[in-house]
Amino acid sequence: MNDQAKQALIRAQESLNKWKESFGAWEVDSTLQVSEEDQTRVFDELVHRLEGNYPFHHPIYAGQMLKPPHPLTWAAYATAMMINPNNHALDGGPPSSEMEKEVVADLAKFYGYGDRYLGHLTASGTIANLEALWIARECNPGKKIAFSSNSHYTHERMCGVLGVEGVKIPLNDDGQFELDGVDAQSIGTIVVTLGTTGLGEVEPLNQIIPWAREHNIRIHIDSAYGGFFRTLKDSNLIDGTQWKLMQEADSIVVDPHKHGMQPYGCGCVLFKDPAVGTHYKHDSPYTYFTSDDLHLGEISLECSRAGAAAVALWTTIQLFPLEEHKGFGPIMAQCRKAALKAYELFQKSTKFEPYQKPELDIIAYFPKGSGIQKLSDISKAAQQVFDKGMEDRSFYLSLFKVPASQFLKKHPHFEADDESVTILRSVLMRPEHESFIPELIDRLESAI
Ligand SMILES: *Cc1c(COP(=O)(O)O)cnc(C)c1O
């Protein structure tokens, strides 16, 4: 936590303590007291255990989709923890429920849904997608749900949970869905991923929209990872084509706990047609619906949810608006520029080659050189670089497995001695990566 966040937290806690005391004096029960000795011992051990993590906060961490929240975001989260509101029902946390409605309205507007929509925060992208697929099933009963071979693995799993048949649609070399052999009549919903988890690819929503309209198929956008890149849709940093069409979809998922600088437990699902709310109807005697206003628990699959997640996201969006030139746009631009810079440097490198041009901020690459002739040589060298960085604590990457046929289409000059090849992958999701990339690549080159 930086000094600014520390000050913000101390100020907020002092004020909230005064508010707490305004209800009259009370004593904390003796059963809840902890000796100073125990507190020190347990917290020292806790810190020691946590130091077993990789340095997610540092630009030397260029591996998976992980980073700590913005310091002010977690100050806001910690502030809310003095109360621990529950956003299931208005009574569980009236102000944090209000804040949730406000941030969801901000997100709906950001994605082009305007004033009419239904949506709320969730525990994660998986739960948000589950909810969207559940509504998809209720809207088109008996029909299948389609997704591409690059979509997140949980779509297939959630189809199993929902008892819906899932269909995997292959993509051709141009990244288009191969729709020719697909029985459109049997499909109720198609998932389009804007920003795949593996390589950050943007699927062709513009191809799917006319096809889905023709066959009365719902469109669900999974932008759990990619969603915040919409801030750059009008810039020259990304191809804005698909991002500009998001409002055409029936539902959208985004994960503020990925690119939105939030602590875990923050996904979001949005529906274009508020009438889907009728599928959520329940009438339980033990929830505490005391007002006629909309309770978030009435429109969500989950019951208890962290009000603090809404507080943290609300605070973040006040400080970093969802705009191109202010707030999130410049942050996303740095990540994107880092990936473009990495691509350029890998193209010039004598020791690494980029796997393909990045569309967002995920770059994939592999070692090359005279000793690397076969796919298995690449896999072995990639693993060695990956291990070396962690051993020296000089960089942290992730590994990515590509089917041999897919790899050879792009890089045919290797001998196919294996069914798949392991390459290296870096999610450059810290804006600090932009200036750190040359240093990172220097370190990679000296590790080979
Ligand atoms: C991360 C991700 C998910 C899953 O979200 P969680 O928050 O990890 O549950 C789903 N889809 C895509 C495209 C993702 O990147």
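This section describes the ligand site, a surface patch, the salt bridges and three loop residues of a predicted model.

The ligand site comes first. In the model, 14 residues surround the ligand. The closest are Thr 126, Asp 222, Asp 255, His 257 and Lys 258. The shell is made up of 9 polar, 3 charged and 2 nonpolar residues. Helix H5, which spans residues 125–139, gives the most to this shell, with 3 residues.

Several polar atoms of the protein face oxygen atoms of the ligand. A side-chain N or O atom of Thr 126 lies 2.5 Å from a ligand oxygen. For Asp 255, a polar side-chain atom is 2.6 Å from an oxygen atom of the ligand. Gly 125 takes part through its backbone: one of its polar backbone atoms is 2.8 Å from a ligand oxygen. On its own, the ligand has 380 Å² of accessible area, and the protein covers 88% of it.

The surface offers another feature. Val 42, Phe 43, Leu 46, Val 47 and Leu 50 make a nonpolar patch of about 440 Å². Among them, Val 47 sits in helix H2, which runs over residues 36–50. The relative accessible area of Val 47 is 41%. Val 47 can belong to the patch because its 41% is over the 30% that patch residues need.

Charged pairs form the next group. Side chains of opposite charge can pair when their charged atoms come close. The structure holds 18 salt bridges. Three of them are described here, followed by a network.

One salt bridge links Lys 6 and Asp 3. Their closest N and O atoms are 4.0 Å apart. Both residues belong to helix H1, residues 3–21. They are 3 residues apart, which is about one turn of the helix. Is each partner buried or exposed? Lys 6 is partly exposed, with a relative accessible area of 42%. Asp 3 reaches 55% and so counts as exposed, since the cut-off for exposed is over 50%.

A second salt bridge joins the side chains of Arg 137 and Glu 138. Here the N to O distance is 2.8 Å. Arg 137 is partly exposed at 28% relative accessibility. Glu 138 is also partly exposed, at 30%.

Glu 439 and Arg 443 form another salt bridge, with their closest N and O atoms 2.7 Å apart. Both residues are in helix H12, which covers residues 433–446. They are 4 residues apart, so about one helical turn separates them. Glu 439 has 33% relative accessibility and counts as partly exposed. Arg 443, at 28%, is partly exposed as well. Elsewhere, Lys 233, Asp 234 and Lys 244 are joined into one network by salt bridges that share partners.

The loops complete the description. Thr 196 lies in the loop between strand E4 (187–193) and helix H7 (205–214). Its relative accessible area is 2%, so Thr 196 is buried, as the cut-off for buried is under 20%. The C-alpha atom of Thr 196 is 7.5 Å from that of Gly 226. Along the chain, these two residues are 30 residues apart.

Two other loop residues have a positive phi although neither is glycine. Asn 84 has a phi near 60°. Asn 84 is located in the loop between helix H3 (71–81) and helix H4 (94–110). For Met 261, phi is near 65°. The loop that holds Met 261 runs between strand E6 (251–254) and strand E7 (267–271).

Which of these loop residues is buried, and which is exposed? Asn 84 counts as exposed, because its relative accessibility is 51%. Met 261 counts as buried, because its relative accessibility is 8%.

Methods
Residues numbered from 1 in each chain as written. Predicted model: local features only at pLDDT ≥ 70, side-chain atom pairs only at ≥ 80, totals over all residues. Heavy atoms only, no water. Near = heavy atom within 4 Å. Polar contact = N/O pair within 3.5 Å; in protein donor to acceptor, adjacent residues only side chain to side chain. Areas by Shrake-Rupley, 256 points an atom, 1.4 Å probe, with all protein chains shown as cover. Helix = DSSP H or I, 4+ residues; strand = E, 2+ residues; numbered from the N terminus. Nonpolar A, V, L, I, M, F, W, Y, C, P; charged D, E, K, R; others polar. Patch = residues over 30% accessible without salt bridge, like charges linked within 9 Å, V, L, I, M, F, W, Y side chains within 5 Å. Buried < 20%, exposed > 50% of the residue type's maximum accessible area, 1.4 Å probe, protein only.
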